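Student: I would like a close look at a single part of this model, the cysteines, and then at whatever else can be said of the fold. Please take it in one connected answer.

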Amino acid sequence: MGRQREARITQRVDLGTAALVPDPCRPHAFLLLVDGAPQSHVDLDDPTNLEFEYVRRIAASVDLAAPAGAPLRVLHLGGGGLTLARYIGRTRPGSRQRVVERDAALMELVRRELPWPPDPRLRVRVGDARTALDTARPGSYDVVIADVFAGARTPASLTSVEFVRAADRVLSHGGRLCANLTDGPPLRHAKARIASIASVFPYVCVVSDASVLRGRRFGNLVVTAARVPLPIGALARKAAGDWFPGRLLTGDELDRFLGGAPVVDDASATPSAPPPTGLFEHRTRVE
């Protein structure tokens, strides 16, 4: 467990300026920001305490990927504060996890100030997420979690159909891709990314706030995709029962939402849309 801090820590990292801000409600919990954009919330006392709503939605999908407590093989594209890696390590002991983060200085800051419990099955590596995916062995993971941001934008190389095919290649037959997307009205970028995912995986669902899906505000959309049927009923119940209820789209309803959005390839891919003001706040219970 890290030591309690009363003051904000600010440090230059490879891709910007990182800040660790103590959570006023929890003695060993911190918000990680990079260039002012919220990246992670980490509770060193309780890794199962997930403050960001989109993180809880990814965690819900992981929870339903296998029987409770069963170990999983997980590839995390994007490190941040290792919130989900810590969560899976606690809820599924024995899981083999690999975390790929491009910013070496950020990882050193997190390692020093927010240390994670020693676990030989958890490997944290500095590198490019797309390269790590392209070079991974076929069928070597049960879950791929894509949550990569440079500041507040996802790099173009992680938004294309070629990226989705690479994720499909490294997943086991029953494995799933979980991706965190951000976008705002009119959601062109998010719809194209979801259409690209749906062109590879036959089973896809999206969970987000109704206000985001209706194009009323900028926010997160969490996508789960697989080659086998997803537990849609259970995922929908988890989303609806959250502190901030989410809406699940799948099947014909998802098709209507996408409205014929184009599939994006490497040649036409662009970074995700920036928030209107340069950043946005993730809603938490303590806001």
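Tutor: The disulfide count in this predicted model comes to zero. A disulfide is called when two cysteine sulfur atoms lie within 2.5 Å. Cys205 shows how that cut-off applies: the closest cysteine sulfur to its own is in Cys178, at 8.6 Å, which is too far for a bond. Cys205 is also buried, with 2% relative accessibility. Cys25, by contrast, is exposed, and its relative accessible area is 54%.

Another buried residue is Thr182, at 3% relative accessibility. Thr182 belongs to strand β9, which covers residues 171-183. Its C-alpha atom is separated by 18 Å from that of Leu84, and the two residues are 98 apart along the chain.

Leu84 leads to a pair of helices, since Leu84 of α2 is one of the residues that make the contact with α1. Helix α1 spans residues 53-63 and helix α2 spans residues 83-91; their axes come within 11 Å and cross at roughly 35 degrees. The crossing of α1 and α2 is right-handed. On the α1 side the contact is made by Val55, Ile58, Ala59, Val62 and Asp63, and on the α2 side by Thr83, Leu84, Tyr87 and Ile88. By class, the contact residues are seven nonpolar, one polar and one charged.

Next comes a sheet. Four strands make up an open sheet, ordered β1-β2-β3-β4, with antiparallel pairing. The edges are held by β1 (9-13) and β4 (37-43); each has a single partner strand, so one side of each lacks a neighbour in the sheet. From one strand to the next, the twist averages 20 degrees. In general, strands of a sheet pair through backbone hydrogen bonds, and the sense may be parallel or antiparallel. Here, β3 (residues 29-34) and β4 pair in the antiparallel sense over six bridges. Phe30 stands opposite Val42, a residue of β4.

A further helix belongs with this sheet. Helix α3, made of residues 104-113, lies across β1, β2 (16-22) and β3, and it runs at about 150 degrees to β1.

To return to the cysteines: there are zero disulfides, the sulfur of Cys205 is 8.6 Å from the closest cysteine sulfur, and Cys205 is buried whereas Cys25 is exposed.

Conventions:
Residues numbered from 1 in each chain as written. Predicted model: local features only at pLDDT ≥ 70, side-chain atom pairs only at ≥ 80, totals over all residues. Heavy atoms only, no water. Pairing = 2+ DSSP bridges. Helix = DSSP H or I, 4+ residues; strand = E, 2+ residues; numbered from the N terminus. Axes fitted to C-alpha atoms, helices over the stretch in contact; angles between N-to-C directions. Contact = heavy atoms within 4.5 Å. Buried < 20%, exposed > 50% of the residue type's maximum accessible area, 1.4 Å probe, protein only. Left-handed = near helix turned anticlockwise from the far one by under 90°. Nonpolar A, V, L, I, M, F, W, Y, C, P; charged D, E, K, R; others polar.
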